[in-house]
Amino acid sequence: MAYETMDVRPTAGALGAEIYGANLKDRDDSRMWIELRQAFLEYHVIAIRGQDMSLEDMMRVGGKFGEPCYYPFAKGMDGYPYITEVIKEKDQRENFGSDWHTDTMYLQKPPRATLLYALETPARGGDTLYVNTAAAYDALSAGMKKLIEGLVGVASGGLKHKKGGPRAAHHDRIGNMALQNADKADGFEARHPIVRTHPDTGRKSLYVSSLHTIRFDGFTEEESKPLIDFLNDHCIEPEFSCRVRWEPGQLTIWDNRTTLHNAINDYHGYRRQMRRLTVGPEVPA
Ligand code: SIN
């Protein structure tokens with residue numbers, strides 16, 4: 001599709017585009033919104049530069065992509081319960097989102113999209129990596145596709161395989177964010193197909209990560225782990241990836257159905273502040 005209302009610049013071969021000239025203050029149901037949704041489906045991750053977004057703007061833009069979802073592990077902002085702050089202070093060592101994952105796959109209806117808006121970014125570093133899990137699926141052998149077709153993954157919010165310990169230890173190390181519910185984390189568990197089909201494009205993708213998928217339904221954790229790790233490591237091969245650089249006033253929107261992401265923790269000594277909203281609760285199929 002040709003883009004007429006914005007300048008769309010692909011950032012890598014597999015996924016990702018930077019968007020210039022889109023005015024997210026536009027309240028009409030104009031062609032710009034159609035093109036924005038099209039770019040989201042085509043590139044999976046769109047980094048929209050040069051915005052000045054209030055909390056209300058963020059809710060309105062999110063609404064173009066679906067109903068808002070609660071994030072169970074951080075308190076929402078005053079008057080905006082669906083928007084959470086993602087902050088790393090200058091003197092903090094641990095960051096939020098630094099292992100490969102797709103957002104909240106341990107919910108029964110995980111969000112189709114995440115919106116992340118940058119308020120303050122480090123002088124260097126603090127980029128986010130993304131991979132295209134539909135391209136990763138396509139690249140599997142016919143034998144592996146057959147083996148995993150029909151497998152159901154059990155996703156947990158407990159972060160039991162996280163380096164440094166499970167969710168409570170992670171929350172303690174982060175310290176400054178309004179994190180909550182670490183004691184209930186193991187109770188957030190959902191079963192979803194390992195191979196899912198995108199409802200808009202019909203494309204199959206891998207829906208699995210070593211961080212959240214603890215086993216396959218009907219299998220032990222021990223039996224499942226080698227294949228979960230193989231699929232995770234396959235997804236994060238460089239040829240399926242792109243890197244998003246941030247600047248204040250940038251809104252990045254990604255498709256959780258076809259991507260994994262990883263917030264790089266390489267900016268100790270600098271502050272980074274973002275606002276995050278997930279939208280579009282959807283049962284993966
Ligand atoms: C997230 O995992 O949702 C946060 C990503 C980031 O801060 O770059």
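Me: Which order do the strands have in the open sheet that contains E13, E7 and E15?

Reply: An open sheet is read from one edge strand across to the other. In this predicted model, three strands stand in the order E13-E7-E15, and their pairing is antiparallel. Strand E13 and strand E15 (259-263) are the edge strands, each pairing on one side only. From one strand to the next, the twist averages 20 degrees.

Me: How many bridges join E7 to E13, and which residues are partners?

Reply: Pairing is read bridge by bridge. Four bridges join E7 to E13, and the two run antiparallel. Tyr-130 has Cys-242 in E13 as its bridge partner, and the partner of Leu-129 in E13 is Arg-243.

Me: Which residues of strand E13 are on the covered face, and which are on the uncovered one?

Reply: In a regular strand the side chains alternate between the two faces of the sheet. In strand E13 (residues 241-244), Cys-242 and Val-244 make up the covered face, while Ser-241 and Arg-243 make up the uncovered one.

Me: Which way do the residues of strand E3 point?

Reply: Strand E3 (residues 45-48) sends Val-45 and Ala-47 one way and Ile-46 and Ile-48 the other way. Here all four residues named are buried.

Me: Which strands are joined to E3 by bridges, and how do they run?

Reply: Take the partners one at a time. Strand E2 (residues 17-20) is joined to E3 by three bridges, and these strands run parallel. One pair is Ala-17 with Ile-46 in E3. E3 is also joined to E14 by four bridges, and that pair runs antiparallel. There, Ile-48 has Leu-251 in E14 as its bridge partner.

Me: Why is one side of strand E9 and of strand E12 left without a neighbour in the sheet?

Reply: Start with the sheet itself. Three strands form an open sheet in the order E9-E8-E12, with antiparallel pairing. Strand E9 (189-193) and strand E12 (213-216) stand at the edges and have a single partner strand each, so one side of each has no neighbour in the sheet. On average, neighbouring strands of this sheet are turned by 30 degrees against each other, direction ignored. Strand E8 (residues 152-156) is joined to E9 by five bridges, and the two run antiparallel. Val-154 has Arg-191 in E9 as its bridge partner.

Me: Is Asn-132 buried or exposed, and which residues is it in contact with?

Reply: Burial is read from the relative accessible area. Asn-132, in strand E7 (residues 128-132), has a value of 2%; a residue under 20% counts as buried, so Asn-132 is buried. Leaving aside neighbours within four places in sequence, Asn-132 is in contact with Ala-14, Leu-15, His-44, Arg-203, Phe-240 and Thr-258. A polar atom of the Asn-132 side chain lies 2.9 Å from the backbone oxygen of Ala-14.

Me: Where is Ala-139, and what is its relative accessible area?

Reply: Ala-139 sits in the loop between helix H3 (133-138) and helix H4 (142-148). Its relative accessible area is 45%, and Ala-139 is partly exposed. Beyond neighbours within four places in sequence, Ala-139 is in contact with His-234 and Phe-240. Positions far along the chain can also be compared in space: Ala-139 and Cys-235 are 96 residues apart along the chain, and 9.6 Å separates their C-alpha atoms.

Me: How far apart are Glu-42 and Met-1 in sequence and in space?

Reply: They are 41 residues apart in sequence and 9.2 Å apart in space, C-alpha to C-alpha. Glu-42 belongs to helix H1 (residues 31-43) and is partly exposed, with a relative accessible area of 34%.

Me: Which residues of helix H2 are buried, and what covers them?

Reply: In helix H2 (residues 55-63), the buried residues are Leu-55, Asp-57, Met-58, Arg-60, Val-61 and Gly-62. Their cover includes H1, strand E6 (111-120), strand E14 (251-255) and strand E16 (272-281).

Me: Which residues surround the ligand?

Reply: Among them are Phe-96, Gly-97, His-101, Asp-103, Leu-116 and Trp-254. Polar side-chain atoms are then checked one by one. Such an atom of Thr-128 lies 2.6 Å from an oxygen atom of the ligand, and one of His-261 lies 3.0 Å from an oxygen atom of the ligand. For Arg-272, a side-chain N or O atom is 2.8 Å from a ligand oxygen atom. The protein covers 100% of the 260 Å² of accessible area that the ligand has on its own.

Terms used
Residues are numbered from 1 along each chain as its sequence is written. This is a predicted model: local features need pLDDT of at least 70, side-chain atom pairs count only at pLDDT 80 or more; totals for chains, interfaces and linings use all residues. Side-chain values use heavy atoms; hydrogens and water are left out. Two strands pair if DSSP finds at least two bridges between them. Axes are lines fitted to C-alpha atoms, for helices over the stretch in contact, and angles run from 0 to 180 degrees between N-to-C directions. Buried means under 20% relative accessible area, exposed over 50%, partly exposed in between (1.4 Å probe, protein chains only). Contact means heavy atoms within 4.5 Å. A residue is near a molecule or strand if one of its heavy atoms lies within 4 Å of it. A polar contact is a pair of N or O atoms within 3.5 Å; within protein, one must be able to donate a hydrogen and the other to accept it, and residues adjacent in sequence count only if both atoms are side-chain atoms. Accessible areas come from the Shrake-Rupley method with a 1.4 Å probe; for residues, only the protein chains shown count as cover.
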